[in-house]
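User: I would like a close look at one part of this assembly, the place where two of its chains meet, with enough of the surroundings to put that part in context.

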Amino acid sequence: MKLSIGETLAKFLGARSVRALALGLAAAVAATTLPAATPASAHGERSQQAFLRMRTLNWYDVKWSKTEVNVNEDMELTGKVHVFSGWPQAVAKPEQAFLNVGEPGPVFVRKASFVSGIPTPRTFSLEIGQDYEYKIVLRARRQGRYHVHVQINVKDGGPIVGPGQWISIKGDMANFTNPVTLLDGSTVDLETLGIKWTMTYHFLWMAAAAFWVIYWFMQKGIIARGWQVAAGKANDIITPADKRFGGLWLAGSMLALLIFYAHANNEFPRTLPMQAGLLTGIDPMHEGPVTVISNYGGGSYKVRGRELTIKLKITNNGTEPLKIGEFTTAGLRFLNPDVFTTRPDFPEYLLADRGLSVNDPTPIAPGETKDVVVTVQDARFDIERLSDLAYDTDSQFGGLLFLFSPTGKRVKLEIGGPVIPRFQAGASL
Amino acid sequence: MSLATGKAAAASAEQADVIVNYRPAYIAMFCLGVFYVGIRIYEQYFGWKAGLDSFAPEFQTYWLNIMWTELPLEFIAFCGIGGYLWKTRDRDINAVAPREEMRRLLTLVGWLLVYAFTVYWGASYFTEQDGTWHQTVIRDTDFTPSHILEFYLSYPIYIIAGWGAFMYARTRIPMFANRISVAFLLFFAGPFMIFPNVGLNEWGHTFWFMEELFTAPLHWGFVFFGWFALAVFGVVLQVLGRVIELSKEFESDVLAL
Amino acid sequence: MSITTEAGAPAGKAWKSKEEFLGCVILTDWILLFVLFLVLLGSYHIHYMLLAGDWDFWIDFKDRRMWPTVAPIVAMCFAAAAQSFFWTKFRLPFGATVVTLALLVGEWINRYDNFWGWTFFPISLVFPSALIPMAFWLDVVLLLSGSWLVTALLGSMGWGLLFYPSNWPVLAQYHQAAEVDGVLLTLADLIGFNYVRTGTPEYIRMIERGTLRTFGKDVVPVAAFFSGFVSMLVYFLWWQFGKWFARTDYLANDEI
């Protein structure tokens, strides 16, 4: 048969368009399911009000054991957290809290987590005013470069995000395995366990459902049946044969279900209910006797200068002279260059290594009570949006002040209180 | 008139007299499908890259710019479709011949197909992908990547499709033009009301800033208005009723099936 | 035979021939099936995900008490409404099945393409609840009895009772236990713990926490019976909802 040019072209175009469509669909499916995630930045903490970030959980000594790992390799995220005494009224108290990780999907799996040495796969309580040490063991799963934060979720309070660090994962997620030893001693790979069977089971039932629908639909469609019902012949439509088929269908379905059920019970004779309930008995860190006392004497925040100025009366009841070396709040660290002569290893976006100064640089001697004015100033206030403290409904700041002795001993002080915003340039405390 | 021209004219007349043509609906669905797959691919890349922190400059570039573009376009499309259908309405609606009425009823079915397709993408696909995103990451703004594509793109699109179907019926089909079908009104207005309900959702989330619990009462407004899509039952029955009226000559054939 | 429009104006035939009519009916039947399938999918999915979604999303929400109570009750709404429409208007005994299949199609597309394809959660964490065997039960009870009253009583109870057995064949493997750092966890708990959800902490789980004492370890039957009972009430209500939405009345133009 000879085809006209038009027909040939139409055929050709048809085949081409079908091929293009198939290729396009394949590309679309691949693109939506396979590509590597591109780098992620912060995790939304910057939208939280400043007072909330400063006066709930104060993170310190946060460490990431590695910043480059291979797929299947472990790293540890460790640190301490202080539960601020002046916990804001707007946030529920951390009576139910969960140690979490801020990461873009499960690029790391959390193999273990501990608070004060107690495993915390479940929810636990934190006490206001106390400090806790935590450790999270993470196993690299998906290749890429990701920002990984420590985080504690507080029930009815929301996620409270700690500092984050860029971590590179090398390798291929296809090689990731997640072996777990069961109580009976056997080992399973949790990454793939049961997925094929789950999909098979579901799709079998769905195929059966599609058959059931199409079976009835193909008999008379929708319009003709509707017409027959509208004409008053509803009771003639379903025949005894239809009922017999339905009965058999149901019997077959129930029999299949019974077999599936019995098979599952046979294959997994020992199963337990999911485990839940609040973990209790988590002790806070045991810190030595309090040797330094501070009284907050007011403060101000210069919005334009991104400068927090704090008046403190500090009494040193210890045995060594102390210098103010660091102020930390909302994950940010402001360091006094007089004390920190070398830059510590900490994420750049949170570390203001010259961000803290004291009006009187001499140490506070043992037994001395001294009035000091601490100035915390850095552009990171703006970048992390803590400048918005001036616009908060509860304009109080909070954080931890660290003092250091010549022998390297560190003393931690919780400080906080109301601050007055200064909007005009040149305003002073 | 030449013979060839005459044949062409006859073929053209034959074509013009086609009673049912769902091809425009198929094309619309294909275009929408390609568009949705495209934005889903965009989301795959730029969700992680630029969508986690609403204060980052790249969030403005890759996400907020989409929102500021889509919202006016949707408003224009809504007004444009409604305006066009109204402007070109049948001004002698009661003089429509049965064959033309049947053709319009079937065209309406095509509109309903497009509407149903957009309802799927909006209410099912993009609504649950919103859960995917918000239960995985921290929700730090009302305008998260998933919201920009769900609330402010896929919802307006199904609203526009529903509006088009409703207006098509109101302007071209006598039974829907002369009176207002309660079912059709519910079918269009219920899902439409999901959109204003976004306001309640954002109000609650902004003030409470809690984790994303999908079954939270804050979300139940969406459910209530989602129920109104069941009014598709009434619309189908009304269309079917009229098809039966216009096809009485074949009643005995149909009843004998 | 001539036909007049509602207004009684021009007469004429709608169809050129019987063949044209039948061809159009067959094609439009399919279109209507798709319209109903897609609309029910969207509407049912938004209903189900926002009333029972958290249990349906995550393996570590699929417990013995809350999930088998809530999920069937919530799912019953659309099954009843769809049966009401398809049975009374078309005598089609697939209302519950078609709407349940629609829901599962929507869920599976999402779980695979988004939960796995976008946020990388393994399917074992995010597969939906199986509902099809319950839908078969409900549809066949209606088919055999021809009575929505019988279906409400017998069908709904079966609907509630069948939920857990329908899911157990895949769930059982995830309820094997492991000891992790001295803590007892089921694999379902462990999957939830391992695969980090930054926005979904553990305390958000609304699951059994061991307060149901009367029946010892047999929690599921109690939950299932209760669920079946409430499903009966829901069936009555939503059958009527289905009827209400299948209305064919009109308002005068000046009434709105």
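How many residues does the contact take from chain C and from chain A?

Analyst: The model is a predicted one, and in it the contact takes 78 residues from chain C and 79 residues from chain A. On the side of chain C that touches chain A, the largest share comes from helix 5 of chain C (residues 132-145), which supplies eight residues. By character, that side of chain C divides into 48 nonpolar, 16 polar and 14 charged residues.

Two packed helices are described by the angle between their axes and the distance between the axes. For helix 6 of chain A (residues 240-267) and helix 6 of chain C (residues 148-171), the axes come within 8 Å and cross at roughly 50 degrees. Because the angle has that value, helix 6 of chain A counts as oblique to helix 6 of chain C, and the crossing of these two helices is left-handed. On the chain A side, the contact is made by A:Leu257, A:Phe260, A:Tyr261, A:His263 and A:Ala264 of helix 6, while helix 6 of chain C brings C:Pro165, C:Ser166, C:Trp168 and C:Pro169. The residues of this helix contact divide into seven nonpolar, two polar and no charged.

Chain C also meets chain B through a pair of helices, and that pair can be described in the same terms. The axes of helix 4 of chain B (residues 98-134) and helix 3 of chain C (residues 95-116) come within 9 Å, crossing at roughly 45 degrees, and helix 4 of chain B is therefore oblique to helix 3 of chain C. The crossing of helix 4 of chain B and helix 3 of chain C is right-handed. From helix 4 of chain B, the residues B:Ser124, B:Tyr125, B:Glu128, B:Gln129 and B:Thr132 meet C:Gly106, C:Ile109, C:Asn110, C:Asn114 and C:Phe115 in helix 3 of chain C. Here the division is three nonpolar, six polar and one charged.

As for the chains around these contacts, the secondary structure of chain A comes to seven helices and 21 strands, and chain A is divided into domain 1 (45-184), domain 2 (195-267) and domain 3 (292-422). The centres of domain 1 and domain 2 of chain A, taken over C-alpha atoms, are separated by 48 Å. Of the 429 residues in chain A, 37% are buried, and among its contacts with a separation of 6 or more, residues 24 or more positions apart account for 69%.

One residue of chain A can be followed individually. A:Ser387 is placed in the loop between helix 7 (380-383) and strand 19 (396-404) of chain A, and this residue is buried because 22 other C-beta atoms lie within 10 Å. Leaving aside residues up to four places away in sequence, A:Ser387 touches A:Val303, A:Arg306, A:Phe381 and A:Asp382. Between the C-alpha atoms of A:Ser387 and A:Gly232, which are 155 residues apart along the chain, the separation is 74 Å.

Chain B, for its part, has 10 helices and one strand, arranged along the sequence in the pattern α-α-α-α-α-α-β-α-α-α-α. Its C-alpha atoms fill a box of roughly 70 × 45 × 35 Å, taken along the principal axes, and buried residues make up 50% of the 257 residues in chain B.

Methods:
Residues are numbered from 1 along each chain as its sequence is written. Chains are lettered from A and ligands numbered from 1 in the order in which they are written. This is a predicted model: local features need pLDDT of at least 70, side-chain atom pairs count only at pLDDT 80 or more; totals for chains, interfaces and linings use all residues. Axes are lines fitted to C-alpha atoms, for helices over the stretch in contact, and angles run from 0 to 180 degrees between N-to-C directions. Helices (H or I, at least four residues) and strands (E, at least two) are DSSP runs, numbered from the N terminus. Angles under 35 degrees count as roughly parallel, over 145 as roughly antiparallel, 65 to 115 as roughly perpendicular and the rest as oblique. A crossing is left-handed if the near helix is turned anticlockwise from the far one by less than a right angle, and right-handed if clockwise. Two residues are in contact if their C-beta atoms, placed from the backbone, lie within 7 Å. Ala, Val, Leu, Ile, Met, Phe, Trp, Tyr, Cys and Pro count as nonpolar, Asp, Glu, Lys and Arg as charged, and the others, Gly among them, as polar. Domain bounds come from an automatic or database domain assignment. A residue is buried if 20 or more other C-beta atoms lie within 10 Å of its own, exposed if 12 or fewer, and partly exposed in between; C-beta atoms are placed from the backbone.
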